[in-house]
Amino acid sequence: MENAGVGWIAAIIIGGIAGWLAEMFMKSQMGVFMNIVLGIVGAFVANLLLNLIGVNLGGWVGYLIAGFIGACVLIAVARAIRR
């Protein structure tokens with residue numbers, strides 16, 4: 001998160017927004033806490049994967065985009081595992 005230029009409080013807020021957007025996009029039913037967790041973990045996972053292909057998203061908007069992408073991926077993986 002330090003590379004993205006956001007602190008812990010901003011990461012929680014942005015992660016919550018990213019998780020909520022992913023929840024709406026993927027039409028899943030998660031709570032507020034899970035939205036925050038999905039957004040933060042999703043941003044971490046997405047940043048790792050995007051760095052492997054040479055894409056570097058920085059700042060608040062980059063963290064939000066990475067969180068949204070990562071949260072969508074995590075929701076899809078969880079759905080695949082449940083089936």
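Two residues are said to be in contact when heavy atoms of theirs lie within 4.5 Å. With that in hand, arginine 79 in this predicted model touches Met26, Lys27 and Ser28, leaving out residues up to four places away in sequence. Arginine 79 is part of helix H3, while Lys27 and Ser28 sit in the loop between H1 and H2. That little cluster is a handy way into the structure, but the overall layout comes first.

The protein chain contains three helices and zero strands, and along the sequence the pattern reads α-α-α. The helices are H1, covering residues 8–26, H2, covering residues 32–52, and H3, covering residues 59–82. Taken along the principal axes, the C-alpha atoms fill a box of roughly 35 × 30 × 15 Å. How does the radius of gyration fit with that of a compact globule? For 83 residues such a globule would come out near 12 Å, and the protein chain has 12 Å, so the two agree. Of these 83 residues, 35% count as buried. As for how the chain folds back on itself, take the contacts between residues at least 6 apart in sequence: 67% of them join residues at least 24 apart.

Next comes the way the helices pack. The axes of H1 and H3 come within 8 Å and cross at roughly 50 degrees, which makes H1 oblique to H3. This crossing is right-handed. On the H1 side, the residues taking part are Ala10, Ala11, Ile14, Gly15, Ile17, Ala18, Gly19, Leu21, Ala22, Glu23, Phe25 and Met26. Facing them from H3 are Trp60, Tyr63, Leu64, Gly67, Phe68, Ala71, Cys72, Ile75, Ala76 and Arg79. Sorted by class, the residues of this contact are 17 nonpolar, three polar and two charged.

H1 also packs against H2, and there the axes come within 6 Å and cross at roughly 100 degrees. Angles from 65 to 115 degrees count as roughly perpendicular, so H1 and H2 are roughly perpendicular to each other. H1 brings Ala11, Ile12, Gly15, Gly16, Ala18, Gly19, Trp20 and Glu23 to this contact, and H2 brings Asn35, Ile36, Gly39 and Ile40. The classes here come to six nonpolar, five polar and one charged.

One of the H2 residues in that contact, asparagine 35, deserves a closer look. Is asparagine 35 buried or exposed? Its relative accessibility is 6%, so asparagine 35 counts as buried. Setting aside neighbours within four places in sequence, asparagine 35 contacts Gly15, Gly16, Gly19, Trp20, Glu23 and Met30. Met30 belongs to the loop between H1 and H2.

That loop offers some contrasts in exposure. Lysine 27 has a relative accessibility of 69% and so counts as exposed. The phi angle of lysine 27 is near 50 degrees, a positive value in a residue other than glycine. Serine 28, which lies in the loop between H1 and H2, is buried, with a relative accessible area of 10%. Which residues does serine 28 touch, not counting those up to four places away in sequence? They are Glu23, Ile75 and Arg79.

Methionine 30 is partly exposed, at a relative accessible area of 24%. Apart from neighbours within four places in sequence, methionine 30 is in contact with Glu23, Asn35, Leu38 and Ile75. Methionine 30 and glycine 19 are 11 residues apart in sequence, and their C-alpha atoms are 9.0 Å apart in space.

Back at the opening cluster, arginine 79 is partly exposed, with a relative accessible area of 28%. Arginine 79 and tyrosine 63 are 16 residues apart along the chain, and their C-alpha atoms are separated by 24 Å. Both appear among the H3 residues that meet H1. Arginine 79 thus touches a residue of the H1 contact, Met26, along with Lys27 and Ser28 from the loop.

Conventions
Residues are numbered from 1 along each chain as its sequence is written. This is a predicted model: local features need pLDDT of at least 70, side-chain atom pairs count only at pLDDT 80 or more; totals for chains, interfaces and linings use all residues. Side-chain values use heavy atoms; hydrogens and water are left out. Axes are lines fitted to C-alpha atoms, for helices over the stretch in contact, and angles run from 0 to 180 degrees between N-to-C directions. Helices (H or I, at least four residues) and strands (E, at least two) are DSSP runs, numbered from the N terminus. Angles under 35 degrees count as roughly parallel, over 145 as roughly antiparallel, 65 to 115 as roughly perpendicular and the rest as oblique. A crossing is left-handed if the near helix is turned anticlockwise from the far one by less than a right angle, and right-handed if clockwise. Ala, Val, Leu, Ile, Met, Phe, Trp, Tyr, Cys and Pro count as nonpolar, Asp, Glu, Lys and Arg as charged, and the others, Gly among them, as polar. The radius of gyration is taken over C-alpha atoms; the globule rule is 2.2 Å times the number of residues to the power 0.38. Buried means under 20% relative accessible area, exposed over 50%, partly exposed in between (1.4 Å probe, protein chains only).
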